[in-house]
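Trainee: I'm new to this one, so could we walk through it together?
Mentor: Sure, ask away once it's up on the screen.

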Amino acid sequence: MPEQPKLSRSPIISHARTPEMDGGRHYRASLGFILMSTDLAFEDDAFAMVPKGVGVHITRLETEDYTTTETLRRHLDHMAEAASRLQPDARPDVISYSCTSGSIVNGEERVFAEIRKGAPWAQPMCLVTGVVDALRVVGAKRIVVGTPYLDEINTAEADFLAQKGFDVLDIQGLNLTTGLEFGRVTPAYWKQFALEIDRPEADAIFLSCSGIRALDVVEEIEQTASKPVIISNQAQVWSCLRRAGIADRIEGFGRLFSIPDLTGG
């Protein structure tokens, strides 16, 4: 056992003080997000969108980098444990599972139940809930959808959106298989893809997936298409902020952020 160093002076005794304290950096709200381990886009998007005073806390979910309905179902096995890691002492106001396709395949209520197991103090959310909130609040009924997914996931997504009351005029996927590929598609291509699939009769364009870099061009697409554009990450952050009582109108991320609450009031 190493010899302990000898003190050259008497022990330090600090004077009693009363520090000045405030609410900390996250004095308005705190949001937690459970990301796939392969997601290359959401973190940058989230930190760009949240206003001052709102905290963003992120954990990663064990994920296979091959996105199919089968691999997405396995996310539930680790959901509660991931939620429990998200600042359990600070306790986020909202915790959201940040995967559009996984939210659809696993079902909103099953995701919420797992989040509650790990973090019963937080309001549970998942990305597709935010998408539905966003599409409804912009008044979209007929939509076109662009994704990076395989068609087995596109089929499930079309069915889900139809069940929520939307008329899916078209849904087109890039048939990519891995999250790392999703994150490498350029923003310029997402703009091109969105405008290719748009239809005059569509009320809105929805670009689906938290791992894509479409937020960078959302306003450019809206200006060209002259209609609302909903991006997964934009919808999720907007909905989580509104659920946490943050009604800020934020510039640069599409028309959605001009709407102060979930009802459009």
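**A helix and the core**

Trainee: What span does α11 reach from its first C-alpha to its last?
Mentor: Keep in mind that this is a predicted model. α11 has 12 residues, and at 1.5 Å a residue you'd expect 16 Å. The helix comes out close to that, reaching 16 Å.

Trainee: How many of the 12 residues of α11 are buried?
Mentor: Among the buried ones are Ser232, Trp238 and Arg242. The helix is largely enclosed by the rest of the structure, because the buried count is 11 of the 12.

Trainee: Is serine 239 buried or exposed?
Mentor: Serine 239 sits in helix α11, which covers residues 232-243. Buried means under 20% relative accessible area. Serine 239 has 0% relative accessibility, so it counts as buried.

Trainee: Which residues does serine 239 touch, not counting residues up to four places away in sequence?
Mentor: Leave out those sequence neighbours, as you said. What remains for serine 239 is Met125, Gly130, Asp133 and Leu262.

Trainee: Which helix gives the most to the largest nonpolar core?
Mentor: That core has 86 residues, and those with the most contacts inside it include Val237 and Leu241. Both of these are buried residues in α11. The helix that gives the most to this core, though, with 7 residues, is α6 (residues 127-137).

Trainee: Which residue follows α11 with a positive phi?
Mentor: Look just past the helix for a phi near 85°. The residue with that positive phi is glycine 245.

Notes: Residues numbered from 1 in each chain as written. Predicted model: local features only at pLDDT ≥ 70, side-chain atom pairs only at ≥ 80, totals over all residues. Heavy atoms only, no water. Helix = DSSP H or I, 4+ residues; strand = E, 2+ residues; numbered from the N terminus. Buried < 20%, exposed > 50% of the residue type's maximum accessible area, 1.4 Å probe, protein only. Contact = heavy atoms within 4.5 Å. Expected span 1.5 Å × (residues − 1). Core = buried A, V, L, I, M, F, W, Y, C linked by side-chain atoms within 4.5 Å.
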